[in-house]
Structures are given as structure tokens and as C-alpha cells.
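I opened my notebook to look up a few things in this structure. Here are my entries, written as I went along.

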Amino acid sequence: MSGASATRLIRERGAELGVDGIGICDAGPLTETRTSIEAAVSRGLIPPEEAPGERALARLTTPKLHLKSIRSIVSAYQAYPADRPDETGPLYGVIAPYTRANYYKDLKARLQELAAFMNEQFGCKTKAFSCYVTLAEKPIARKAGLGFYGKNGVIITRQHGSCVVLGEILTDLELDPDPPLEADCGSCRICVDACPTGAIPEPHMVERNRCIQFLSGRRRVIPLDIRDMWQDRLYGCSTCQDVCPFNQSRAQVSRAVPHGSVGGSIALEDALTMDDALFQKRFEDNQIGTREPAILRRNAVLAAAHSGAEALLPLVIKLTRDPDPMIRRHSLWAIRKMRGPSSAPILRGALSVEKEPEIIAEVKTLLDGLDTLS
Ligand code: SF4
Ligand code: SF4
């Protein structure tokens with residue numbers, strides 16, 4: 001069978017399985033991607049602790065290391081809905097659309113079925129993935145003609161904008177590659193201007209340490225200016241995607257996803273009080289469940305600070321005495337934001353018992369700010 005006929009059968013079967021987009025590319029090393037990751041690390045756009053080591057970088061950018069006999073890659077995407085959640089308002093924290101269910105797992109299940117079809121139909125070897133940490137998926141999707149890089153660093157598809165997750169099947173089958181998509185952002189820079197933290201210093205470059213999408217999943221002290229811009233985010237950030245014109249005209253998706261559905265928002269009261277066992281249960285099978293529960297609690301504290309909701313105040317006050325210094329630090333800041341000058345007794349009380357020098361220094365600064373106000 002010719003490469004073109006095999007490609008046609010793969011596309012047809014993929015569509016039957018509910019895969020929203022399929023493109024083909026060769027399996028050569030992703031040399032440009034390697035160079036741009038190295039440049040981003042050396043410029044500090046990727047923090048040192050997140051920088052891939054030599055082995056990880058080689059695996060990210062060398063498809064052959066995942067399947068020795070590889071000749072082609074079937075790149076695929078699955079679209080997800082990105083509507084504003086039903087329940088919002090001061091008592092809720094918003095979950096970014098890409099993680100309201102485990103779309104990666106859903107796509108991987110479909111790709112595994114497609115790979116089984118390919119094995120049976122063509123007697124080939126295959127390996128199916130759907131997760132960035134294993135192989136650099138965005139450059140593969142771009143090479144396979146599924147989309148182009150937006151200035152916010154995400155892949156934008158013609159039909160579904162950037163509201164997609166990516167995956168791929170590596171195969172030793174010789175397939176006909178697709179041409180790259182001839183499109184780009186043009187002179188648009190809406191996302192660059194809309195990013196609340198200025199995390200896009202130049203087109204296609206996102207500074208991770210300023211990106212809420214990145215920070216909301218990491219155990220970090222959130223910089224003070226970024227805490228001020230946090231708003232109602234509980235996990236992830238989609239502002240630069242929400243404003244993109246390609247997402248205004250995207251095709252709508254409504255399919256139910258059976259894995260890890262957590263909804264578009266969560267009551268902040270729940271997120272502030274959830275113990276670790278409940279967290280594991282609630283986020284089992286969702287990417288959020290792979291994070292430490294304290295990370296979501298910290299995010300909830302920041303969202304509560306922005307909510308202005310009196311009902312949440314006692315819960316945040318309780319967290320100012322949490323054993324975890326990250327939670328105490330953000331909670332004390334939140335109390336300052338929620339109560340203004342009347343937060344002084346709580347901040348002074350915290351100073352009298354706090355042992356962590358960095359928290360002591362920050363609380364002193366918060367108190368100094370209050371003195372300036374009075
Ligand atoms: S995800 Fe949010 S913080 Fe990150 S670049 Fe986009 S708008 Fe900025
Ligand atoms: S908002 Fe404009 S610049 Fe940003 S990704 Fe979309 S088209 Fe490109």
C-alpha cells in the first residue's frame with residue numbers, strides 16, 4: 001500500500017474515533033526546538049530548576065529515542081470546550097479550560113485505538129503519546145501542518161483555534177508528510193497586551209516565572225506584583241487564549257470526556273478547607289491531582305484575597321497559622337488585601353510567633369505599607 005493510501009485510511013479511522021485533527025510529519029530530530037529551549041534557559045525564560053537536563057532535552061527533541069525504527073509521526077489534537085464556567089462570582093475560583101477534564105488521557109485512549117488499527121492494518125510498529133513532558137509536541141504539530149505558533153507560544157489550529165491538546169503516534173510506517181500550515185498572527189499582538197503579568201516579553205516567548213498558567217501549578221512564592229493580578233484563578237490561566245481572535249471563531253465542541261472531569265469552577269470555601277485525602281479523591285485522574293494539595297490551597301488563598309468575600313475571611317485567617325510556610329505567607333498577604341488597615345493586629349500577631357525570616361520580612365513590609373496609609 002502506498003504512503004498516501006495508508007495516510008488516507010489513518011485519517012478516516014482517526015475521524016471515526018473522534019480525533020479532531022490529524023497531520024503527518026517526518027521523524028527527524030527537532031533541532032530548532034532544541035536550540036530555542038537552550039536559548040530560553042540561558043535567557044532565564046525557563047527557570048533553572050525546570051530546565052531539562054541533557055538526557056531529557058535529547059528525549060524531548062529526538063523522536064528516534066522513543067522508537068528506534070521510526071520513520072513517520074502521526075500528530076493529532078483533540079479540541080476542548082472553553083466557555084466561561086456556569087458558576088462564577090466572588091465565592092468561586094476558576095479552573096482553566098484545558099484542565100476541566102483530562103483531555104490528554106482522552107486523546108491518548110483514542111490514539112491507542114488508532115495505533116492498534118495501524119498495527120493490524122499495516123503490520124507496523126507504533127507508540128502513542130499525549131503529554132508534553134515525553135516529547136516536544138508543539139513543534140511536531142506545527143511540522144505536521146496542524147497549526148502555527150501563536151505569539152503566546154501555543155499552537156493555533158484553523159478549526160479549533162488554540163483550545164486543543166496534542167498527542168502523537170510514532171510509527172515505522174513510511175507516510176506522506178503534510179505541508180506546514182501557511183498562517184501566522186500577522187501584526188496582531190492582542191495576547192501580548194492582554195497578559196496581566198507581561199509574561200510575553202517578545203513574540204513566541206513566554207517567561208515562565210511570570211506566567212500564572214505555569215506558577216499556578218508550582219510550589220513557589222508568587223511575586224507580590226503577580227499576586228495583585230491573580231483575580232479569580234484557581235488553577236491555570238487562559239487570558240491570552242481567551243482574547244485570541246482565532247478562538248472567537250473556533251468550532252464548538254460539546255463531547256463528554258470520561259476522564260477526570262472537575263468542572264469550570266470550584267467553591268473557594270471547598271478549596272480552602274479541602275484536606276489532602278479529599279483533594280486526591282476530587283482530582284483523581286485530572287492533571288491537578290498530580291500536584292501537591294498545598295499548591296491549590298495557595299491559589300485559593302490568592303483568589304479569596306481578590307474576592308472581597310467576607311464569608312471567606314475566617315478560613316483565610318485560619319490558614320495564617322498553617323504549618324506550611326508557603327500557605328502562611330500568602331494567607332498573611334491575603335488578609336492584608338482583604339482587610340486593609342484593620343489587618344494590622346493579625347499581622348502583628350503573626351510576627352510575634354513567626355520563625356521564617358522571609359515571612360517576617362514580608363509581613364514587616366506589609367505593616368509598613370499600612371503605616372503609610374494611616
Ligand atoms: S497564560 Fe496568562 S500569564 Fe501566562 S502568558 Fe498567557 S495570559 Fe500571560
Ligand atoms: S491574540 Fe493575536 S498575536 Fe496572540 S496568538 Fe492570537 S492571533 Fe496571535
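**Around ligand 2.** I looked up which residues surround ligand 2, and found Gly150, Lys151, Asn152, Cys185, Cys188, Arg189, Ile190, Cys191, Val243, Cys244, Pro245 and Phe246. A residue is near a molecule here if its C-beta atom, placed from the backbone, lies within 6 Å of it. Helix H6 (190–194) and helix H10 (245–248) are the elements that give two or more residues to this shell. Helices are DSSP runs of H or I with at least four residues, strands are E runs of at least two, and both are numbered from the N terminus. By class, I noted 8 nonpolar, 2 polar and 2 charged residues around ligand 2. For these classes, Ala, Val, Leu, Ile, Met, Phe, Trp, Tyr, Cys and Pro count as nonpolar, Asp, Glu, Lys and Arg as charged, and the others, Gly among them, as polar.

**A note on the model.** I wrote down that this is a predicted model, where local features need pLDDT of at least 70, side-chain atom pairs count only at pLDDT 80 or more, and totals for chains, interfaces and linings use all residues. Residues are numbered from 1 along each chain as its sequence is written, while chains are lettered from A and ligands numbered from 1 in the order in which they are written.

**Around ligand 1.** Next I listed the shell of ligand 1: Asn152, Cys195, Thr197, Ala199, Ile200, Val206, Cys211, Ile212, Gln213, Cys237, Thr239 and Cys240. Two or more residues come from each of helix H7 (212–215) and helix H9 (239–242). This shell has 8 nonpolar residues, 4 polar ones and no charged ones.

**Domains and core.** The domain assignment, which is automatic or from a database, gives domain 1 (3–80 + 100–171) and domain 2 (270–374). Their C-alpha centres lie 39 Å apart. Where does the largest nonpolar core lie with respect to domain 1 and domain 2? I first noted that this core has 95 residues, with Val301 and Ala304 having the most contacts inside it. A nonpolar core is a set of buried Ala, Val, Leu, Ile, Met, Phe, Trp, Tyr and Cys residues joined through C-beta atoms within 7 Å. Helix H13 (residues 293–307) gives the largest share, 8 residues. Both domains give residues to the core, so it lies between them.

I also checked Ala304: apart from neighbours within four places in sequence, it is in contact (C-beta atoms, placed from the backbone, within 7 Å) with Leu268, Leu272, Ala309, Leu312, Val316 and Ala334.

**Buried or exposed.** Of the 374 residues, 44% count as buried. Buried means 20 or more other C-beta atoms within 10 Å of the residue's own, exposed means 12 or fewer, and partly exposed is in between, with C-beta atoms placed from the backbone. Asp225, in helix H8, is exposed because it has 11 other C-beta atoms within 10 Å.

**Two positive phi angles.** Gln231 is not a glycine, yet has a positive phi of about 55°. I found Gln231 in the loop between helix H8 (224–227) and strand S8 (233–235). Asp285, also not a glycine, has a positive phi of about 80°. Asp285 sits in the loop between helix H12 (276–282) and H13, and is partly exposed because it has 14 other C-beta atoms within 10 Å.

**The whole protein.** My last entry is that the protein has 17 helices and 9 strands, and that its C-alpha trace spans about 80 × 40 × 35 Å along its principal axes.

Terms used. Contact = placed C-beta atoms within 7 Å.
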